[in-house]
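Biologist: Could you walk me through this structure at a first-year level? I would like to start with how the chains meet and then look at a few residues.

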Number of protein chains: 2
Amino acid sequence: MAETFEELVEKYGKVGRYKNLAEPFHCDVNHNLFMGHLGNHLLNAADFHSSDRGFGMRTLNTLNKTWVLSRLVIEMEEMPKRYDEFVVESWVESAMRFFTNRNFRVISQGDKTIGYGRSIWALIDTETRQPCNLLDIKEGEIVKWAEPDLECPIAKPGRVKMSKEAPLVGEFRAAYNDVDVNGHVNSIKYIEHVLDIFPISYYKDYMLYRFEIAYVAESYYGDTLKLYLEEIGENEYEVRISKVTPEGESECCRSSLRFKHY
Amino acid sequence: MAETFEELVEKYGKVGRYKNLAEPFHCDVNHNLFMGHLGNHLLNAADFHSSDRGFGMRTLNTLNKTWVLSRLVIEMEEMPKRYDEFVVESWVESAMRFFTNRNFRVISQGDKTIGYGRSIWALIDTETRQPCNLLDIKEGEIVKWAEPDLECPIAKPGRVKMSKEAPLVGEFRAAYNDVDVNGHVNSIKYIEHVLDIFPISYYKDYMLYRFEIAYVAESYYGDTLKLYLEEIGENEYEVRISKVTPEGESECCRSSLRFKHY
């Protein structure tokens, strides 16, 4: 029999804590964990947290529903270094009818907080791909998991405003390794393609301390994806990815990057 | 003080065993762990095994030496599925002056062996990039770690013979995410680029059960890499990756793939 909310809170608490390792081949030329791999650790934490508490992907899939990531922001004071163990905490900040806000804290050895994350998720019907009311699941139990008072001192996702004239800087075709179990291009792969716009020499001098992405529409195997880049301030960039289909070109995601000199 | 060989054997045994999880976003459209991610788990096992026993990358780096992967073969009866826990065992089969053979066994839940791996590594000087004698390290202690009698019932790496006329099927420029802490294109990234040659529809019907790669020369950030494909039998393919530099085109690696119908 399924456990009650009270039993689950007793067993797991409201905040999930997950140990991770900055694996040697997941680190960049500066020995820093790649931002894409850090994003993957955050998405895992979201998945493990919600699964343990009865509203994860596996449970929802049996109801023909799934979580869709709408926004992700990561802001770091420093990145985990090669072989570092670090903890990712995750919790629900709030839940409304169509969206839930989920936050993250990244903690390095010695219990030092090195960064935070924010994310926004929607629930969709896997057949119609239309949004569903979160509060219809388990009589709105997700609301009880909210921990609105836990600190997450980074700016909420902003509105990425790009001019239509931003120049094309890259293009790729979504291939086998880009596509995950859901059949669409994986959220993390967009992050990697965005980061690949910048030369490695730039990463040697500058730290990507804030990365933000808004997922607008799904793309699929074989789609041609185009990347447009705009410099909007000193070491501040915005990137738009759009897909080209026989029907024309349409936006898939928008990303915003803030770098600082080491 | 450094532990003696006898103390290390007592503490760790000759075979390393590492628990892994087929993470949700590391699985393909069939819910199978991507071969590239499986390869990464094997390389981690190699690194953890050698580090614990005093001949890992971190120890060798202090001597201006490092391990270079020369060959990797993975042969699987089945792949770990999404959320599966699995164990990777790793041990040294043998060690000679310039190469060591390291094997792997992949074990799923219920203690079922689902596959094996073989690898060949060379030791190089990080400054001259020239091969070094393994037996000069810790008075040849690596030889004592060998477990030649442990079963690894898959064929050794073969010689990949491709015709010069194999057609060009893909091209990419080595970007930020392709390059690891060593400053060269990461071994796993070549695997991913090779697998991306094949259409997703092929993976839905066919299982890649044997993957083999020979690393011939390093490539670096910004190199243009070209992929050539040859079908050498039914569901048997060979792929060559070469790099184009101002000096001309030269081979980086060769790979051999065997698929079977599900």
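Modeller: One term first: a salt bridge is a side-chain nitrogen of Lys or Arg within 4 Å of a carboxyl oxygen of Asp or Glu. Please also keep in mind that this is a predicted model.

Biologist: Okay, how many salt bridges are there between chain B and chain A?

Modeller: Between chain B and chain A the count is zero salt bridges, although there are 17 residue pairs in polar contact, both residues being at pLDDT 80 or more.

Biologist: And what area is buried between chain B and chain A?

Modeller: About 3,900 Å² is buried between the two chains, and carbon and sulfur atoms give 59% of that. On the side of chain B, the residues that lose the most area to chain A are Phe25(B), Tyr176(B) and Val181(B), which together make up 23% of what that side buries.

Biologist: How many residues take part from each chain?

Modeller: Chain B gives 37 residues to the contact, and chain A gives 37 residues. Because 100% of the interface residues of chain B are also interface residues in chain A, the copies meet through the same surface.

Biologist: What turn lays chain B on chain A?

Modeller: A turn of 180° with a shift of 0.0 Å along the axis lays chain B on chain A with an RMSD of 0.0 Å, which is the relation of a two-fold axis. In chain B, the C-alpha nearest the axis belongs to Phe172(B), at 4.7 Å from it.

Biologist: New topic: where does Asp196(B) lie, and what does it touch in chain A?

Modeller: Asp196(B) sits in the loop between H4 and H5 of chain B, and its relative accessible area of 25% makes it partly exposed. Leaving aside neighbours within four places in sequence, Asp196(B) is in contact with Ala175(A), Tyr176(A) and Asn177(A).

Biologist: Then H4 in chain A, is that helix mostly covered or mostly open?

Modeller: Helix H4 of chain A, residues 187-195, is mostly covered, since nine of its nine residues are buried. At the start of H4(A), a side-chain oxygen of Asn186(A) comes to within 3.0 Å of the backbone nitrogen of Ile188(A).

Biologist: What about His184(A), buried or exposed?

Modeller: His184(A), which lies in the loop between strand S6 (168-173) and H4 of chain A, counts as buried at 12% relative accessibility. The side chains of His184(A) and Glu218(A) are joined by a polar contact of 2.6 Å.

Biologist: Which other side chain does Glu218(A) meet, this time in a salt bridge?

Modeller: Glu218(A) meets Arg129(A) in a salt bridge, with 2.5 Å from N to O. Arg129(A) is in the loop between S5 and S6 of chain A and Glu218(A) is in the loop between strand S7 (206-215) and strand S8 (224-233), so the pair ties together parts that are 89 residues apart in sequence. Arg129(A) is partly exposed at 33% relative accessibility, and Glu218(A) is partly exposed at 22%.

Biologist: How many salt bridges are there over all chains?

Modeller: The count over all chains is 26 salt bridges. One of them is between Arg118(A) and Glu93(A), whose closest N and O atoms are 3.2 Å apart. Arg118(A) lies in strand S5 and Glu93(A) in strand S3 of chain A, so this pair ties together parts that are 25 residues apart in sequence. Arg118(A) counts as buried at 9% relative accessibility, and Glu93(A) is buried with 13%.

Key
Residues are numbered from 1 along each chain as its sequence is written. Chains are lettered from A and ligands numbered from 1 in the order in which they are written. This is a predicted model: local features need pLDDT of at least 70, side-chain atom pairs count only at pLDDT 80 or more; totals for chains, interfaces and linings use all residues. Side-chain values use heavy atoms; hydrogens and water are left out. Contact means heavy atoms within 4.5 Å. Buried area is the accessible area (1.4 Å probe) that two parts lose on being put together, summed over both. A polar contact is a pair of N or O atoms within 3.5 Å; within protein, one must be able to donate a hydrogen and the other to accept it, and residues adjacent in sequence count only if both atoms are side-chain atoms. Copies are superposed by least squares on the C-alpha atoms of residues with pLDDT of at least 70 in both. Helices (H or I, at least four residues) and strands (E, at least two) are DSSP runs, numbered from the N terminus. Buried means under 20% relative accessible area, exposed over 50%, partly exposed in between (1.4 Å probe, protein chains only).
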